[in-house]
Amino acid sequence: MLGPLAVAVLLGLWELAPRAGWVRAQSVPPFSDVAREAVALLGRPEFLGDLATSGARWAAGFALAVLAGVPLGAWMGRSRTMRGLVDPLLALGYPVPKAALILLFVLWFGAGDIARVGIVVTGCLIPIVISAMHGAAGVSPQLLWSARSLGRRSGAAVILPAALPQILSGLRIAIAVAIFTVLASELLIRGSGVGAFMFDALDNGQTVTVFAVAAIVAVAGLLLDAVYVFAARRALPWLEGDV
């Protein structure tokens with residue numbers, strides 16, 4: 001009950017603040033205006049097209065990061081040599097704002113989808129690799145010995161399931177990182193997507209539309225997280241509470 005109550009209080013303050021004159025309505029429009037604009041946007045084909053474009057970039061970048069990051073992180077967790085080679089690169093890249101790399105990607109790959117998807121992959125790799133690395137490094141040697149005694153020669157068949165709780169936590173973080181990075185790329189590169197739509201609205205002084213797009217993105221992120229947790233717990237009930 002506390003969660004919904006906190007959200008209700010926040011939305012109530014959001015509605016009251018501009019109407020009571022505590023803040024300028026041009027800077028922070030009332031929640032009711034934003035909600036109406038969000039509903040209207042979801043009925044506009046051009047916005048839905050941009051939403052689908054951003055979603056495709058998000059999905060492509062996230063999927064590529066998972067395919068590359070999980071095996072790399074697991075390998076680093078079980079190999080000191082690989083960890084020694086890659087860990088310094090992660091340490092160098094971690095503090096660099098991913099938005100600052102967007103212009104480099106544009107220089108290298110142009111202003112198309114490759115640059116946008118590439119920045120999503122780059123942003124998601126660090127949490128995915130680190131979570132997989134720590135999960136694999138924490139696998140008990142007794143599990144590997146037991147697997148070998150049962151005739152399983154491949155350590156991956158044991159390491160990945162044992163490291164799954166931490167891997168899933170990293171993937172959950174990467175979902176949000178992917179949303180941020182795809183929007184950041186669209187805000188800077190423009191052209192198409194939700195970020196470009198938001199920037200165009202800001203250029204035209206449509207503050208309500210900017211807030212409405214931000215609200216839609218926030219709700220989409222919340223739904224993606226909820227679906228991910230639900231799917232993980234249904235598919236892997238023995239991980240209940242660890243996702």
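Here are some exercises on this predicted model, each with a worked solution.

Some ground rules: residues are numbered from 1 along each chain as its sequence is written. Because the model is predicted, local features need pLDDT of at least 70 and side-chain atom pairs count only at pLDDT 80 or more, while totals for chains, interfaces and linings use all residues, and side-chain values use heavy atoms, with hydrogens and water left out.

**Exercise 1. Work out the overall make-up of the chain.**

Step 1: go for the secondary structure. Helices (H or I, at least four residues) and strands (E, at least two) are DSSP runs, numbered from the N terminus. You end up with ten helices and zero strands, giving the pattern α-α-α-α-α-α-α-α-α-α.

Step 2: check burial. Buried means under 20% relative accessible area, exposed over 50%, and partly exposed in between (1.4 Å probe, protein chains only). Of the 243 residues in the chain, 37% are buried.

Step 3: look at the surface, using Shrake-Rupley areas with a 1.4 Å probe, where only the protein chains shown count as cover for residues. The accessible surface is about 13,500 Å², and 71% of that belongs to carbon and sulfur atoms.

Step 4: turn to contacts (heavy atoms within 4.5 Å). Take those between residues at least 6 apart in sequence: 69% join residues at least 24 apart.

**Exercise 2. Find the largest nonpolar core and say which helices build it.**

Step 1: a nonpolar core is a set of buried Ala, Val, Leu, Ile, Met, Phe, Trp, Tyr and Cys residues joined through side-chain atoms within 4.5 Å. The largest has 42 residues, and Leu 41, Cys 124, Ile 128, Leu 171 and Val 213 touch the most other members.

Step 2: assign helices. At least two core residues each come from helix 2 (31-41), helix 3 (45-78), helix 5 (102-109), helix 6 (113-137), helix 8, helix 9 and helix 10 (207-235). Helix 8 gives the largest share, 13 residues.

Step 3: zoom in on Val 213. Leaving aside neighbours within four places in sequence, Val 213 is in contact with Leu 41, Phe 47, Val 194, Phe 197 and Met 198. A separate core of seven residues includes Met 82, Val 86, Leu 90 and Met 133.

Step 4: follow helix 9 (residues 194-203). Val 194, Phe 197 and Met 198 are among its buried residues. Just after helix 9, Gly 205 has a positive phi of about 70°.

**Exercise 3. Classify two aromatic pairs and compare their burial.**

Step 1: set the criteria. Rings of Phe, Tyr and Trp (its six-membered ring) pair if their centres lie within 6.5 Å; planes under 30 degrees apart are stacked, over 60 edge-to-face, and the rest tilted. The whole structure has seven such pairs.

Step 2: take Trp 58 and Phe 62. Their centres are 5.5 Å apart with 0° between the planes, so they're stacked. Both sit in helix 3, four residues apart, which means about one helical turn separates them. Residues three or four places apart in an α-helix point the same way, because there are 3.6 residues a turn. Trp 58 is buried, at 15% relative accessible area, and Phe 62 is buried at 15% too.

Step 3: now Trp 108 and Phe 109. With centres 6.4 Å apart and planes at 85°, this pair is edge-to-face. Trp 108 is exposed at 57%, while Phe 109 is partly exposed at 46%.

Step 4: finish with the cluster formed by Trp 14, Phe 31 and Phe 211.
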